[in-house]
Structures are given as C-alpha cells and as structure tokens.
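Subject: Structure handover

Hi,

Here is the structure I promised to pass on. Please open it first, then read the notes below.

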Amino acid sequence: MPRKPVLSPSRIRIYLLCEVKYYHTYLNPRGRFYLRAKPEYSFGTTMHAVLQHLHAAGGVEAVSVEQLQQAMQQQWVAAGYQSPQEEQRYQQMAAALIEQYHARAQEALQETPPEQRPRLLMQERTLRMDMGRFTLVGRVDRVDEHPDGTLEIIDYKSWRTEVTPEEVHDDLAMCCYQLLLKHLYPDRRVVATIVALQTGASASASLTDAELREFREDIRLLGEEIVSRDFEYLEPKRIPHCDVCDFLPLCQRIWQQQGES
Ligand code: SF4
C-alpha cells in the first residue's frame with residue numbers, strides 16, 4: 001500500500017502562496033539544493049527549544065532566568081548567520097526576550113491562585129487526522145489544560161510584536177491545530193492562543209463547532225486538490241514573494257528562456 005500523502009499547515013500555506021514553490025519544496029528531489037538556512041528560522045528554532053525546555057522542566061518556579069540563558073546557549077542553532085557579529089546580535093536579542101518571557105511568566109504565576117493554574121498537557125507534539133485521501137498533520141508548540149477542562153493551544157511567534165483575536169481566528173495553522181486537537185478531545189473546549197515573543201502580547205480565539213465543520217470541509221477540498229495536482233508542468237508566475245524565494249534562480253532560468261527579463 002502506498003503511504004497516504006501528508007499535508008501540514010506549512011505545506012498548505014506554501015501551496016496557496018505559490019504552487020511552483022510547493023513543487024520545489026516538497027516534490028522536486030533537486031529542490032533541496034536551493035534551500036538556504038536563514039537566521040530568522042534558526043532564531044525561531046532556538047527560541048522554541050528554550051521555551052520547551054522551560055515548560056518541560058516545570059516552568060519558572062523550577063528554572064531560573066540564568067539557567068534558561070544557559071539553555072539558550074546550549075540549544076543555539078548557528079546555521080544561516082552571515083557573520084559572527086550578526087550571530088552575536090541575535091544572541092543578545094534572544095537573551096533579552098528570554099529574560100522578558102521569564103519575568104512575565106513569573107508575574108502571571110503570582111497573580112494566578114494555584115487552583116486556577118493550567119497544567120502542561122503536551123509540547124512539540126505532532127497531531128494527525130485521517131482526511132480520506134490525505135493525512136492532515138500539525139505540530140503544536142504547547143497545549144495547556146485548564147482546571148475547567150479547556151485545552152489551550154499555545155503558539156509562539158518569535159518575530160511578532162502584536163496579535164489580535166481576529167488574526168488568531170483567521171490563522172490557517174491555528175485553525176488546523178484546533179481541528180486536530182478537537183479530533184483527539186471531542187468533548188473539550190479548545191482555544192487557540194498566539195504569543196508574540198517580541199513583546200509578550202497574546203491573543204486567543206476559538207472556532208465554533210459550525211466553523212470547525214466548515215473549515216474541515218474546506219481543508220478536505222483543498223487537500224484533495226493538492227494531492228491530485230500534476231505539478232510537473234506548472235509555469236512560474238512572478239509574485240512579490242519571488243524576491244525572497246530560494247527557488248528564484250530556477251524560475252529566472254525559465255523566464256529567461258521565455259525571453260522575459
Ligand atoms: S521564485 Fe516566485 S514563482 Fe518561483 S517558486 Fe519562488 S515564489 Fe514561486
């Protein structure tokens with residue numbers, strides 16, 4: 001039996017952005033030669049690993065800010081930085097964000113009576129759901145369980161400074177995570193929260209059952225379109241994202257052959 005195709009929020013987002021990029025990223029074996037490490041990705045990976053370490057070890061009650069800074073040094077992903085100076089700037093930023101995160105978490109802990117505190121249910125877990133012709137997967141950063149039984153999906157955004165409930169409500173990945181978690185825990189209330197690590201701002205939203213049903217159907221139709229698509233004969237079309245796309249050299253070659261600039 002051939003394995004069922006897998007679709008994640010990242011894959012779907014890339015498909016919606018540019019089908020040619022989707023082909024080079026996930027289907028073209030030569031595509032990986034063009035992928036470049038980027039400081040912002042490495043930085044995000046480090047921040048996620050540090051916060052995972054913090055919450056797995058028992059939170060701010062158990063881990064001091066100094067220990068967390070040490071964990072950051074150990075978990076540091078060095079790929080993609082253009083110079084030692086650039087890397088150092090990013091390390092300083094990471095240290096500042098970690099200090100702020102720790103202080104805010106400590107404050108929140110003091111303000112919340114013990115009986116109202118959530119407990120960590122899972123971290124960096126890949127959730128799956130059979131959607132017929134494909135499997136939907138999504139990796140959640142963290143899920144907390146509140147005393148009233150509500151499950152809160154928490155997604156860290158390393159570069160964001162602000163976020164609104166409307167943005168969380170309309171975010172493709174957050175909708176996928178809610179669908180996947182609700183599939184695992186159908187009787188629980190599920191809430192999604194994005195934390196903007198640059199400022200500590202956060203916002204939450206929750207899809208209603210009717211919205212979840214509609215979203216599930218939309219994802220099913222879109223996923224079926226993606227997995228049945230013939231990607232071999234796509235023609236690249238210029239979009240604003242081309243300027244920062246790793247596959248620009250491949251597409252430029254085609255445009256040059258077609259006599260475009
Ligand atoms: S360069 Fe532009 S057209 Fe080509 S894959 Fe990237 S985004 Fe798509």
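What follows is a short tour, from the whole chain to the ligand, the strands and one loop residue.

**Overall**

Bear in mind that this is a predicted model. The chain holds nine helices and six strands. Its C-alpha trace spans about 65 × 50 × 35 Å along the principal axes. There are 261 residues, and buried ones make up 25% of them. Now take the contacts between residues at least 6 apart in sequence: 71% of these join residues at least 24 apart.

**Ligand shell**

Which residues surround the ligand? From the N-terminal part of the numbering come C18, V20, K21 and H24. The others are P236, I239, H241, C242, C245, F247, L248 and C251. Two elements give two or more residues each to this shell: α2 (19-27) and α9 (248-257). The top contributor is α2, with three residues. By character, the shell splits into nine nonpolar residues, two polar and one charged.

**Strands**

Start with β4, residues 151-157. It pairs with β3, residues 135-145, in the antiparallel sense. Four bridges hold that pairing. One of the bridge partners to look up is I153 in β4, which is matched with V143. The two strands β3 and β4 make a hairpin, with five residues between them. In the turn, G149 has a positive phi of about 95°.

β4 also pairs with β5, residues 190-196. Here the strands run parallel, joined by seven bridges. On this side, D155 has I194 of β5 as its bridge partner. If you are checking side-chain directions, recall that in a regular strand they alternate between the two faces of the sheet.

**Q198**

Follow the chain on to the loop between β5 and β6 (201-205), and you find Q198. Why does Q198 count as partly exposed? Because Q198 has 15 C-beta neighbours inside 10 Å, and that falls between the cut-offs of 12 or fewer for exposed and 20 or more for buried. Leaving out residues up to four places away in sequence, Q198 touches L97, W159, R160 and T161. E211 is another matter: Q198 and E211 are 13 residues apart along the chain, and their C-alpha atoms are separated by 30 Å.

Best wishes

Methods:
Residues are numbered from 1 along each chain as its sequence is written. This is a predicted model: local features need pLDDT of at least 70, side-chain atom pairs count only at pLDDT 80 or more; totals for chains, interfaces and linings use all residues. Two residues are in contact if their C-beta atoms, placed from the backbone, lie within 7 Å. A residue is near a molecule or strand if its C-beta atom, placed from the backbone, lies within 6 Å of it. Ala, Val, Leu, Ile, Met, Phe, Trp, Tyr, Cys and Pro count as nonpolar, Asp, Glu, Lys and Arg as charged, and the others, Gly among them, as polar. Two strands pair if DSSP finds at least two bridges between them.
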